[in-house]
Every structure is written in structure tokens, then in C-alpha cells.
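Welcome! Take a moment to look over the sequence and the 3D view, and then let us walk through them together in questions and answers.

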Amino acid sequence: MQELVIASNNKGKITEIRRLIPDLSLLSLKDINFSDEIPEPYHTFEENAFTKANTIHQFSRRNVFADDSGICIGHLNGAPGVDSAHYSGVRDDEKNLQKVLSEMKGIDDRRAWYKAIICLIWKDEVHYFDGTCHGKILSSKRGAGGFGYDPIFVPDGYEQTFAELPLSEKNKISHRGKAVSKMVAFLENVIR
Ligand code: IMP
């Protein structure tokens, strides 16, 4: 079976992605003995996704992919965006979510969208896949599943938050689900 490294330490992301890629042997950073922090110093999802994938590709010379993702809020001019993981100044999902709730207090325009960019380095060539999921931000948390901003995000066409929907449902409509499906379609073609 072909091997592919996931260049991420984010448990929420890895759980979702493992469910979406059944026919490849997925290796974690631990499996390849990479224990450093991966830098994400840039201002776009594309640059961050490339840097993460390329760091691990240089280290391992294996096929690898990285996801860079975040939530963008209309009223906040697209913030937190690429800063979603450390919006409050620290990498803490609860603090980041609380900062968004306080900035959105009393605001009528609740439009938001999640965005994911995947950078895949396959046989030394770089490929990108994207996914977006539109919805709205609630004024308080609901649900215990998911991660990050999921308890305050309701996707368009649904009543439940991403933290209330089963993962199988979230994966069908989420930004990451869409980007990973595009990558899987690409891999199915090149592996055959
Ligand atoms: P990064 O791609 O490692 O920079 O981090 C992405 C951050 O965006 C996560 O830490 C979350 O805060 C947020 N995020 C991305 N995708 C999701 C999702 O599907 N649910 C909830 N939060 C997400």
C-alpha cells in the first residue's frame, strides 16, 4: 500500500482526514520521528500549507501533504483567517473561540466561512486542493464534537453546529472534506 505523511500535529484535523482517506497508509509526524514545531510564518493559507508540506518533505523525502485552514468572518473582514489557531495570542481553542464570541457580541451580520488549502507533494511535484464551507456564527456554544470553532459554527442548510453534527456529516460538507476529496480523486488517478 502507498504511504503518505500527514504534516500536522492537530488531533482534530488528523481524525477527520483519516476517515476520508481509506486506501493509503497514512503516517503521522510521530511515525517518521519528526518532533519539531513546523513554522507557519506567512499570510496566506497557500504559503503556510506549502511550508508545512515542504518542511516534512525535506526531512523525510516521502510523499506528504499539509492542510492549512481557518475560519473567516465577514464582519471581521475575514479574520481570524490564517491566524485561527492562535487568534487570542495562544494556541488554545477555547480562548480563540471566546475572543470571536466577544468580538461578535451584538453584531447582526453573522456570515462566516471555513477555508482549507491542502498542499500535496507527490513524487516531488507540488499540487494544491481547496475547500470552502459557508455558514454563520452563533452567539453561544452548542455541542461537544469537532474542535476549534465548531461549537459556534452552523453550516448553511443546517440547524446544528459542526460540534453537534456527526463527523460523517461534517466531512461531507466541510472545507476540509471537500479539499481532501479533491486530493483523493487526484491520487486515485495517479496511483492506478
Ligand atoms: P492551522 O491550519 O494549523 O493553522 O490551524 C487551523 C485552525 O483553524 C485550527 O486550529 C482551528 O482553530 C481552525 N479550524 C480549521 N478547521 C477547522 C474545523 O474544521 N473546525 C474548527 N476549527 C477549525
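Q: Leaving aside neighbours within four places in sequence, which residues is A163 in contact with?
A: This is a predicted model, and everything here is read from it. A163 belongs to the loop between β6 and α4. Once its neighbours within four places in sequence are set aside, the contacts of A163 are R142, G143, A144, G145, G146, D150 and P151.

Q: What distance separates the C-alpha atoms of A163 and A144?
A: A144 is one of the residues in contact with A163. Along the chain the two are 19 residues apart, yet in space their C-alpha atoms are separated by 5.4 Å.

Q: Is A163 buried or exposed?
A: The relative accessible area of A163 is 6%. Buried means under 20%, so A163 falls on that side of the cut-off. The word for A163 is therefore buried.

Q: Leaving aside neighbours within four places in sequence, which residues does N171 contact?
A: Look for N171 in helix α4. N171 has a relative accessible area of 7%, which makes it buried. Apart from neighbours within four places in sequence, N171 touches E16, R19, L20 and G177.

Q: In what order do the strands of the open sheet stand?
A: Strands of a sheet pair through backbone hydrogen bonds, either parallel or antiparallel. Here the pairing is mixed: β1 and β2 run parallel, while β3 and β4 pair in the antiparallel sense. The sheet has 6 strands, and its order is β2-β1-β3-β4-β5-β6.

Q: Which strands stand at the edges of the sheet?
A: A strand at the edge here has a single partner strand, so one side of it is left without a neighbour in the sheet. That is the situation of two strands, namely β2 (25-27) and β6 (153-155).

Q: How many bridges join β4 to β5?
A: These two strands form a hairpin with 2 residues between them. They run antiparallel, and C119 stands opposite Y128 in β5. Strand β4 covers residues 111-122 and strand β5 covers 125-137, and the number of bridges joining them is 12.

Q: Which residue is the bridge partner of I137 in β6?
A: β5 and β6 pair in the antiparallel sense over 3 bridges. I137 is in β5, which spans residues 125-137. Across in β6, the partner of I137 is F153.

Q: How many residues of β3 are buried?
A: In a regular strand the side chains alternate between the two faces of the sheet. In β3, V64, A66, D68, G70 and C72 point one way, with F65, D67, S69, I71 and I73 pointing the other way, and all are buried. The count for β3 is thus 10 of 10.

Q: Which residue in β4 does I71 stand opposite?
A: β3 has partners on two sides: it pairs with β1 in the parallel sense over 2 bridges, and with β4 in the antiparallel sense over 10 bridges. On the β1 side, I6 has F65 as its bridge partner. On the β4 side, the residue opposite I71 is Y114.

Q: At about what angle does α1 run to β3?
A: Helix α1 lies across β1, β2 and β3. Its direction relative to β3 is about 115°.

Q: Which element gives the largest share of the lining of the largest pocket?
A: The largest pocket holds about 650 Å³ of space. Of its 30 lining residues, the closest to the centre are N10, K13, E40, A85 and R91. Elements giving two or more residues to this lining are α1 (11-20), β3 (64-73) and α5 (175-191). The largest share, 5 residues, comes from β3.

Q: Where does the cis peptide bond lie?
A: Most residues other than glycine have a negative phi, and most peptide bonds are trans. One cis bond has an omega of about -5°, and P80, in the loop between β3 and α3, is part of it. The bond joins A79 and P80.

Q: Is N33 buried or exposed?
A: N33 sits in the loop between β2 and α2, and has a positive phi near 60°. Its relative accessibility is 65%, so N33 counts as exposed.

How values were computed. Residues are numbered from 1 along each chain as its sequence is written. This is a predicted model: local features need pLDDT of at least 70, side-chain atom pairs count only at pLDDT 80 or more; totals for chains, interfaces and linings use all residues. Side-chain values use heavy atoms; hydrogens and water are left out. On a 1 Å grid over the protein atoms alone, a cavity is a set of points where a 1.4 Å probe fits but cannot get out, and a pocket is an open set with protein on both sides within 12 Å along at least five of seven lines; lining residues have an atom within 4 Å of a point. Grid points are joined across faces, edges and corners, and a volume is the space filled by probe spheres set on the points. Helices (H or I, at least four residues) and strands (E, at least two) are DSSP runs, numbered from the N terminus. Two strands pair if DSSP finds at least two bridges between them. Contact means heavy atoms within 4.5 Å. Axes are lines fitted to C-alpha atoms, for helices over the stretch in contact, and angles run from 0 to 180 degrees between N-to-C directions. Buried means under 20% relative accessible area, exposed over 50%, partly exposed in between (1.4 Å probe, protein chains only).
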